[in-house]
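Colleague: I would like a close look at the aromatic side chains of this model, and at how they sit among the helices and strands. Please take your time over the reasoning.

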Amino acid sequence: MNANEQAARPFPERDSICVSHYPIPVSNPTPQEAARLMELDRPKRGDQQVALYLHIPFCDLTCSFCPFNKYVKHQDQVDRYLAALKDEIALYGRTAYGKSAVIGSINLGGGTPSCLTLQELTAILQAIKGAFTVAPDAMVFVEGNPRNFTRDKLAGLRAEGLSRISVGVQTFQPRLGGYLNLYHTVEDSERLLVDARELGIDNIGIDLMYNLPGQTDEDWRADIRTSIELGIDHICLISFCVVPHTPIAEKIRAGEVPGVGTLDDEIRFYAEARRMLLAAGYEQYSVIDFALPGKIDRHAAMYFGEQSDLIGIGSAAFGFLNGYMYINDGNLAEYIDKVNAGGLSVACGEKAAPEEFAHGMMAKGLRMLSVDRGDFRRRFRCDPEDLFPDTMAELTASGMIEADASGVRLTEQGIIWGNNVCKAFFSEKYKNYGLQARMKLAKGRPVQSV
């Protein structure tokens with residue numbers, strides 16, 4: 001890239017990590033303080049439904065690139081964790097907030113939830129239904145791995161209301177999968193898709209990673225073509241990020257695995273996938289998500305787009321209740337001890353000041369490509385241009401956003417740089433929230449330990 005091309009870039013680097021939470025949880029509360037800041041002793045305000053995320057930190061095998069909170073599965077540890085998990089579910093359900101909330105989406109993520117047995121997964125879902133009022137049409141969404149998402153497991157979960165699955169395929173190229181130390185094979189992925197369809201699961205999502213070590217343009221086009229041909233309902237495009245201290249980072253450093261492509265490669269991969277998916281009839285509804293009509297992820301739409309509350313349960317889960325952003329303790333033993341002591345397991349949190357709500361709505365909303373002007377006005381009694389005149393002007397001038405009477409949206413170019421644009425709306429307090437801090441929070445560790 002020459003100097004003129006570098007100067008034309010709207011940002012020095014393309015941020016590969018989406019906005020997940022805002023404000024950034026930087027304080028360390030006691031369990032009592034966290035409960036007070038969540039306002040759990042008060043009934044939920046309004047009739048907006050609530051999303052619920054529950055984290056399963058176990059995997060049968062850990063992939064070489066994964067930066068998230070996970071442990072190789074040992075049954076005695078699983079048993080202790082699930083007992084604590086059910087206690088935490090019951091704890092939230094007993095509160096005035098929990099009794100008045102209606103759950104519109106349940107997401108079991110990880111880790112690899114599908115590494116648990118059918119009985120274990122069923123018990124979790126039944127515990128949630130026993131503790132909360134769950135909307136009859138609530139989305140029940142379980143993430144997993146193609147290898148251990150067995151037909152029997154899918155059938156049993158379907159009977160419990162499972163309506164969507166998402167699996168980390170990452171790539172259909174065996175050579176690239178070997179670099180990532182993937183637990184599953186291409187055949188496992190294809191078998192899962194057949195089983196899920198036959199069992200009536202009509203919203204199947206996969207993650208695909210681009211700019212992988214050694215990945216070529218044809219590798220990437222082949223992955224997108226395969227996904228389209230298989231009729232995958234929902235495709236999440238994830239830019240590969242070499243996270244320091246992961247096994248694959250060390251192998252790349254040692255020359256045992258090829259390096260990743262350049263920024264130009266990364267942009268080209270994303271743009272080509274976007275072109276192919278839109279041409280095939282997929283709708284892009286977030287910076288990273290593409291879905292066939294009617295197949296969007298309701299959980300993401302509620303939390304990021306509709307700004308609904310989110311109950312986070314489990315080790316390293318994050319939640320957002322009454323303006324309080326929190327992340328649970330990622331250390332499994334400490335999480336279990338805190339719950340067994342009868343309190344919340346919050347490791348860090350932050351109560352949004354009134355002005356921070358607007359920053360959060362812009363940052364999270366633009367992840368979903370647009371922010372509705374009428375909704376913004378109802379919440380803040382003004383327009384985005386009134387609160388963020390400089391940011392709005394700069395992003396408009398650089399061609400990243402466009403605004404009209406209906407709202408603010410990412411442009412075609414702005415979508416490519418979407419994560420950067422979203423974070424441009426972070427307040428000064430959180431501008432320096434970098435990769436290292438994000439990785440700490442993904443593992444349920446306080447930012448102060450960075």
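Are Tyr324 and Tyr326 buried or exposed? Please start there, and then go on to the rings around them in your account.

Modeller: Bear in mind throughout that this is a predicted model. Both tyrosines are buried, Tyr324 as well as Tyr326.

To place that in context, a search of the whole structure finds 14 aromatic pairs. One of them joins Phe320 and Phe357, whose ring centres lie 6.5 Å apart and whose planes meet at 70°; because planes over 60 degrees apart count as edge-to-face, the pair falls in that class. Phe320 belongs to strand E12 (residues 318–321), while Phe357 belongs to helix H14 (residues 354–367), so this pair ties together parts that are 37 residues apart in sequence. The two rings can also be described by their accessibility: Phe320 is buried, with a relative accessible area of 7%, whereas Phe357, at 34% relative accessibility, counts as partly exposed. The rings of Tyr324 and Tyr326, for their part, have centres 6.2 Å apart and planes at 15°, and since planes under 30 degrees apart count as stacked, this pair is a stacked one.

Charged side chains also take part in the picture. Lys364 lies over the face of Phe320, at 4.4 Å from the ring centre, and so the ring that pairs edge-to-face with Phe357 also has a lysine over its face. Elsewhere, Tyr210, Trp220, Phe269 and Tyr270 form one aromatic cluster, and for Phe269, a member of that cluster, the residue over the ring face is Arg268, at 5.6 Å from the ring centre.

Turning from the rings to the strands and helices, there is an open sheet of 3 strands in the order E15-E17-E16, with antiparallel pairing. Its edge strands are E15 (370–372) and E16 (401–403), each of which pairs on one side only, and the twist from one strand to the next averages 15°. Between E15 and strand E17 (residues 407–410), the antiparallel pairing runs over 3 bridges, and Val371 has Val408 in E17 as its bridge partner. Helix H15 (residues 373–380) packs on this sheet, where it touches E15, E16 and E17, and the direction of the helix makes about 55° with that of E15.

Technical notes:
Residues numbered from 1 in each chain as written. Predicted model: local features only at pLDDT ≥ 70, side-chain atom pairs only at ≥ 80, totals over all residues. Heavy atoms only, no water. Phe/Tyr/Trp six-rings, centres within 6.5 Å; stacked < 30°, edge-to-face > 60°. Helix = DSSP H or I, 4+ residues; strand = E, 2+ residues; numbered from the N terminus. Buried < 20%, exposed > 50% of the residue type's maximum accessible area, 1.4 Å probe, protein only. Lys NZ or Arg CZ within 6 Å of the ring centre and 35° of its normal. Pairing = 2+ DSSP bridges. Axes fitted to C-alpha atoms, helices over the stretch in contact; angles between N-to-C directions. Contact = heavy atoms within 4.5 Å.
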